[in-house]
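Let's take a walk through this model together, starting from a pair of helices and moving on to the core and the strands.

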Amino acid sequence: EFIKKISEQQQKMEWLTKMLVQISRLEVGIIEFEPTKNLIKQTLAESVSMVFAASSLKNIEIEIEEFEDLELIHNRKWTKEAIANVLENSIKYSPAHSKIKIQIEPMEIYTRIKFIDQGIGIPKEEYNDIFKRFYRGKQVGEKEGSGIGLYLTSLILLKEGGYITVDSSVGKGSTFTVYLQNYYE
């Protein structure tokens, strides 16, 4: 049991170190990536696959509403990491046996990708703070987390010419919306 706990803590430290290195490299421009036109269905599917084990442990269903595949400007590797961060938060702060819905809505310049959960919600006064590095909401103190997932997501999307927003009601869940640029020939 003791060895198992040490192993879990080691894995968390390795993940945290990896994330901090990625953030610092992105911030200072050591890591540069080129967003190109990519179909979004595959990116979404790979993101959901990354969090499938965590959602299964809590019996949380992830439902992607049917949509026609779209070419959006993004880097698949980095965007799937950004989306997985959003999904991980939704899973972490949602009750067991709940649902996360993903909706895609093309707009004129961007495509809106909504992640709607049934979690604990976020007070309006924290909307801007949750995208800051190391910020953790007041109501999530006992939950594990580092406060870097949404910051990294925001940083990745910014480098791709996209962005993320949140709308939430405490006790009723949150909707995180990712905006990615449409591809035009």
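Here is a short tour of the helix packing, the nonpolar core and the strand pairing.

The model is predicted, so local features need pLDDT of at least 70 and side-chain atom pairs count only at pLDDT 80 or more, while totals for chains, interfaces and linings use all residues. Residues are numbered from 1 along each chain as its sequence is written, and side-chain values use heavy atoms, leaving out hydrogens and water.

Begin with helix 2 (residues 40-57) and helix 3 (residues 76-92), whose axes come within 8 Å and cross at roughly 40°. Axes here are lines fitted to C-alpha atoms over the stretch in contact, with angles from 0 to 180 degrees between N-to-C directions; helices are DSSP runs of H or I with at least four residues, strands runs of E with at least two, numbered from the N terminus.

Next comes the largest nonpolar core, a set of buried Ala, Val, Leu, Ile, Met, Phe, Trp, Tyr and Cys residues joined through side-chain atoms within 4.5 Å; buried means under 20% relative accessible area with a 1.4 Å probe, protein chains only. Of its 30 residues, those touching the most other members include L44, I102, I113 and F115. Helix 3 gives the largest share, five residues.

Now follow strand 5 (110-116). Its T111, I113 and F115 point to one face and are buried, whereas Y110, R112, K114 and I116 point to the other and are not. Strand 5 pairs antiparallel with strand 4 over six bridges, pairing being at least two DSSP bridges between strands. I102 stands opposite F115.

How values were computed. Buried means under 20% relative accessible area, exposed over 50%, partly exposed in between (1.4 Å probe, protein chains only).
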